[in-house]
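I set out to record charged contacts, ring contacts and surface character. The entries below follow the order in which I looked them up.

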Amino acid sequence: SDVRVVNASFLRCNSISLTYNLPDAFLKYLGLENVAFSGSVSNPFMIVSKDYKGVDPEVATGGQPLSKVYSLRLNITF
């Protein structure tokens with residue numbers, strides 16, 4: 001019987017990162033060589049089929065789902 005079979009199709013985004021470097025003209029005004037801002041997030045989202053009611057298809061029964069990790073960085077070079 002396939003009564004308990006559920007479509008657990010999913011799409012997971014594992015990582016997103018973004019970096020911004022200040023323009024050279026502004027860096028010269030500040031007397032710096034480089035300034036970079038960056039941020040990233042691990043496991044930001046997952047898209048699961050509408051029929052699936054579980055927590056995370058990749059986690060075994062009773063396991064913990066993957067946690068989201070956020071990080072921000074500032075890199076200054078003199």
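**Entry 1: Nonpolar surface**

I looked first for nonpolar surface and found a patch of about 580 Å², made by Tyr-20, Phe-37, Leu-74, Ile-76 and Phe-78. I note that the model is a predicted one. I then located Tyr-20, a member of this patch, in strand β1, which covers residues 10–21. The relative accessibility of Tyr-20 is 47%, and I therefore entered this residue as partly exposed, given that the partly exposed class lies between 20% and 50%.

**Entry 2: Salt bridges**

I next asked how many salt bridges the structure holds. I recorded two. In one of them, the side chain of Asp-56 meets that of Arg-12, with an N to O distance of 2.6 Å. I placed Asp-56 in the loop between β2 (34–48) and β3 (69–77) and Arg-12 in strand β1, so this pair ties together parts that are 44 residues apart in sequence.

I found the side chains of Glu-58 and Arg-12 in a salt bridge as well, at 3.0 Å from N to O. Glu-58 lies in the loop between β2 and β3, while Arg-12 is in strand β1, so the pair ties together parts that are 46 residues apart in sequence. I therefore wrote down Arg-12, Asp-56 and Glu-58 as linked in a network of salt bridges,.

**Entry 3: Burial of the charged residues**

Is Arg-12 buried or exposed? I read a relative accessible area of 17% for Arg-12, which means that this residue is buried, as the cut-off for buried is under 20%. I entered Asp-56 as buried too.

**Entry 4: Aromatic pair**

I then turned to ring contacts and found one aromatic pair in the structure. The partners are Phe-26 and Tyr-29, and their rings are stacked, with 6.4 Å centre to centre and 25° between the planes. I checked this against the cut-offs: centres must lie within 6.5 Å, and planes under 30 degrees apart count as stacked.

Where do Phe-26 and Tyr-29 lie? I found both in helix α1 (residues 24–30); they are three residues apart there, so about one helical turn separates them.

I closed with the accessibility of the two rings' residues. Phe-26 has 39% relative accessibility and counts as partly exposed, whereas Tyr-29, at 69%, counts as exposed. The exposed class begins over 50%.

Notes. Residues are numbered from 1 along each chain as its sequence is written. This is a predicted model: local features need pLDDT of at least 70, side-chain atom pairs count only at pLDDT 80 or more; totals for chains, interfaces and linings use all residues. Side-chain values use heavy atoms; hydrogens and water are left out. Patches are made of residues with over 30% relative accessible area and no salt bridge: like charges are joined within 9 Å, nonpolar side chains (Val, Leu, Ile, Met, Phe, Trp, Tyr) within 5 Å. Accessible areas come from the Shrake-Rupley method with a 1.4 Å probe; for residues, only the protein chains shown count as cover. A salt bridge is a side-chain nitrogen of Lys or Arg within 4 Å of a carboxyl oxygen of Asp or Glu. Helices (H or I, at least four residues) and strands (E, at least two) are DSSP runs, numbered from the N terminus. Buried means under 20% relative accessible area, exposed over 50%, partly exposed in between (1.4 Å probe, protein chains only). Rings of Phe, Tyr and Trp (its six-membered ring) pair if their centres lie within 6.5 Å; planes under 30 degrees apart count as stacked, over 60 as edge-to-face and the rest as tilted.
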